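Hi everyone, thanks for having me. I'll take you through one model today, so have a look at the screen.

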Amino acid sequence: MDRVDEAALMPKEAALEDLRAAVASYNASRGGVTHHMYIRVVLIFGGFLVFAGFASYLAVTEIESDVVGIVLGLLFVAGGFVWRFALAPAREFQQNLRDRMLPIVFGFVDEVQYVHGATPRFLSGMPDKDFVRRSRSEHGDMIAGKHDGLAFTLSETELSTGSGKSRETTFKGVIFHFEREDAFPGLLLAARKPNAVHRFMRNLFGGTALALVTSGNPEVDASHEFRTDRPEAATPLVQGTLAKALDYLASEWRDDVVRIALNQRQCYLLVPTKKDFFELPSVDTPIDFDRHIRPMIRDLVLLLATAQLVRKIG
């Protein structure tokens with residue numbers, strides 16, 4: 001993959017001035033918001049702690065023992081809601097900055113759009129059982145736009161199955177959706193290779209109708225399972241540029257296995273990461289452009305370069 005010229009992709013000077021103004025306005029207001037946040041925490045959450053302590057005392061001394069656990073559990077859950085309520089204005093203040101700032105930060109992306117917490121429309125069409133199991137999803141920042149001929153949607157997403165103690169996270173990172181230059185004549189999945197338990201459960205519930213293809217690269221085949229409904233078309237692709245791309249991406253993204261699904265022209269690229277790409281510091285910390293903003297731009301540039309690489313596989 002060619003080295004990306006980060007300087008060429010940086011926002012233009014006018015956009016940088018708007019960005020600095022947004023950051024300066026945020027930093028100027030931050031002290032008052034922080035002070036207000038501390039007062040809310042002391043008054044609201046502190047008041048709740050006093051109430052919870054009194055309620056716990058009554059529960060232990062006055063209520064039958066088999067009900068005490070229920071009361072304490074309800075107080076614990078209520079504490080979480082009260083804590084989030086106390087911090088809500090500070091979070092809204094910070095999110096307002098993100099709403100203003102991120103479209104400016106990513107000014108090198110044409111027709112850029114930004115939203116937080118929305119479910120991307122492409123998720124309903126993304127392959128499920130044989131690609132990445134999921135029964136629920138949580139979403140952070142989502143950015144859509146065009147870059148160097150690539151129309152894309154990028155979403156910070158966590159996918160999971162089950163709930164409570166049986167909840168299993170099946171993916172956490174960034175999902176890219178875009179259209180490739182060349183259509184694959186069917187469905188091709190480069191998924192994380194299942195372990196023995198997952199293979200047993202899959203076979204127990206009917207297995208899969210998709211054919212298995214191998215890349216011939218021992219390291220890639222050890223981490224990925226390739227499934228397709230068009231093995232004659234998939235084999236040369238898997239054993240050629242797709243295996244090379246996955247081998248390269250494994251060196252760039254080390255948190256987990258990169259997954260790719262091709263469905264005709266549609267491509268779903270799942271890049272695992274433990275970091276929040278577009279995270280801002282807590283409201284009691286001033287924002288510094290070089291320390292907090294410039295890394296966001298570099299991260300998105302690398303993600304876009306990864307998508308461009310996958311887009312040209314063929």
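So, let's start with a question: which helix does Leu43 lie in? That's helix 2, which covers residues 13-62. Keep in mind that what you're looking at is a predicted model.

Stay with Leu43 for a moment. Is Leu43 buried or exposed? Its relative accessibility is 61%, and the cut-off for exposed is over 50%, so Leu43 counts as exposed. And Leu43 has company: together with Ile39 and Val42, Leu43 makes a nonpolar surface patch of about 300 Å².

Okay, on to the strands. Find strand 4, residues 168-192, because we'll keep coming back to that one.

Which way do strand 3 and strand 4 run relative to each other, parallel or antiparallel? They're antiparallel, and 10 bridges join them. Strand 3 is residues 150-161. If you want one pair to click on, take Thr153, whose bridge partner in strand 4 is His177. These two strands form a hairpin, with six residues between them. Look in the turn for Gly162, where phi is positive, about 70°.

Next up, strand 7, residues 259-272. Strand 7 pairs with strand 4 over 12 bridges, in the antiparallel sense. The pair to find here is Val174 with its bridge partner in strand 7, Val271.

And then there's strand 6, residues 224-228. How many bridges does strand 6 have with strand 4? Five, and the sense is antiparallel. Here you can look for Leu188, which has Thr228 in strand 6 as its bridge partner.

That's my tour, thanks for listening!

Key. Residues are numbered from 1 along each chain as its sequence is written. This is a predicted model: local features need pLDDT of at least 70, side-chain atom pairs count only at pLDDT 80 or more; totals for chains, interfaces and linings use all residues. Side-chain values use heavy atoms; hydrogens and water are left out. Patches are made of residues with over 30% relative accessible area and no salt bridge: like charges are joined within 9 Å, nonpolar side chains (Val, Leu, Ile, Met, Phe, Trp, Tyr) within 5 Å. Accessible areas come from the Shrake-Rupley method with a 1.4 Å probe; for residues, only the protein chains shown count as cover. A salt bridge is a side-chain nitrogen of Lys or Arg within 4 Å of a carboxyl oxygen of Asp or Glu. Helices (H or I, at least four residues) and strands (E, at least two) are DSSP runs, numbered from the N terminus. Buried means under 20% relative accessible area, exposed over 50%, partly exposed in between (1.4 Å probe, protein chains only). Two strands pair if DSSP finds at least two bridges between them.
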